[in-house]
Amino acid sequence: MSTDVVTDRAADRPADRGPGPAVPIDRSALTAVHRTVLDWYQANARDLPWRRPGTTAWAVLVSEVMLQQTPVSRVEPAWRAWMDRWPAPADLAAAPAAEVLRAWDRLGYPRRALRLQECARAVVDRHGGVVPDTEDALLALPGIGAYTAAAVAAFTYGRRAVVLDTNVRRVLGRALEGRALPAPALGRAERERAAGYVPEDRETSVRWNVGVMELGALVCTARSPRCERCPLQTRCAWVRAGRPADAHAATRRRQAWHGTDRQVRGRIMAALRDAPDGWTAESALLQAGADGADPAALPDPRQPARALASLVADGLAVRGDDGHPSRYRLP
DNA sequence: AATGCGGGGGT
DNA sequence: ACCCCAGCATT
């Protein structure tokens, strides 16, 4: 039996070309990878609060939504305070949206907070306050996509699912497919390959999903992977290939931040949150959007107004009525 | 398939 | 400075 994890055929196939076999890896080698990751996870898992026994499905769901593009270190304290304040879907459903957005604070992408509250209301209205236990039903909830639906189904209900986040994609891409980093976009072919890697046994699949994710978060990191600490080091297709560079490096372009509408929106949201109960004058918001300067001095003088209008369109801010048309507040 | 959407900490 | 983070909704 070969000790190579990746078959020659799989290694030679151009990245993301054609469907290919669902499992381009030797079956017994895959089983060994499963066992290795499960053992490693048992010895190295972090003690994250949402992993503790007794955590409700709703609490897990909230953690997953907060973790959408926000690192664990920042989510942890926010999640504790949040769950302390709104422990059940009905609690969040009944809260004023402004309070929800204020509690969201600087986790980023505040639309997620609105969606999470919509999700709470949907759970109450459609499911009697009980988080649904199937991926399809979860996927139908606001703010719940493929990853979060799979994660909740697997981690709180013990379902066999294809949990495919940035960590899992990176570990699978490296260890089993020899890539430095996953493709910028998650396509059908990659999803099908990942599905083929999930252990058949239900309980094993749950530990595999969380184990691979943890390995990606702690060892097989994007920037400087700690291969010397990796339990898959001797099997890793990427290491065996000499850790080749990222094939998508040229097309992988970071979204700009300085001077963008997103940055300006963020400043305006911060200003809106700082007005505890009352309204904020439009002029103050535009100035906040310009980072305290005169908006007219910006390269694009209309940017703060545009950003504020987009926040209103997104339901993150509301404008005063006819009596106070130039004042705004959180919804 | 591509784009827009926050914010902060690690390197 | 740059990069990345347990993605989702919309086009």
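# Two crossing helices and an aromatic pair

Helices α15 and α16 of this model are roughly perpendicular to each other (angles of 65 to 115 degrees count as such). The model is predicted, so local features need pLDDT of at least 70 and side-chain atom pairs pLDDT 80 or more, while totals for chains, interfaces and linings use all residues. Residues are numbered from 1 along each chain as written, chains are lettered from A and ligands numbered from 1 in written order, and side-chain values use heavy atoms, without hydrogens and water.

Let us look at this crossing first. The two helices pack at about 110°, their axes 9 Å apart (lines fitted to C-alpha atoms over the stretch in contact, with angles from 0 to 180 degrees between N-to-C directions). Here are the partners, with contact meaning heavy atoms within 4.5 Å:

| Helix | Residues | In contact |
|---|---|---|
| α15 | 282–289 | E282, L285, L286 |
| α16 | 303–313 | P304, A305, L308 |

Of the residues in this contact, five are nonpolar, none is polar and one is charged.

Now for the rings. The model has three aromatic pairs (Phe, Tyr or Trp ring centres within 6.5 Å, with the six-membered ring used for Trp; planes over 60 degrees apart are edge-to-face). One of them joins W50 and W79 edge-to-face, at 5.6 Å centre to centre and 80° between the planes. W50 sits in the loop between α2 (27–44) and α3 (57–66), whereas W79 belongs to helix α4 (residues 72–85), and the pair, 29 residues apart, links distant parts of the chain.

Finally, the wider view: chain A is assigned domain 1 (1–56 + 131–253) and domain 2 (261–329). Their centres, taken over C-alpha atoms, are 42 Å apart.

Definitions and conventions
Domain bounds come from an automatic or database domain assignment. Helices (H or I, at least four residues) and strands (E, at least two) are DSSP runs, numbered from the N terminus. Angles under 35 degrees count as roughly parallel, over 145 as roughly antiparallel, 65 to 115 as roughly perpendicular and the rest as oblique. Ala, Val, Leu, Ile, Met, Phe, Trp, Tyr, Cys and Pro count as nonpolar, Asp, Glu, Lys and Arg as charged, and the others, Gly among them, as polar. Rings of Phe, Tyr and Trp (its six-membered ring) pair if their centres lie within 6.5 Å; planes under 30 degrees apart count as stacked, over 60 as edge-to-face and the rest as tilted.
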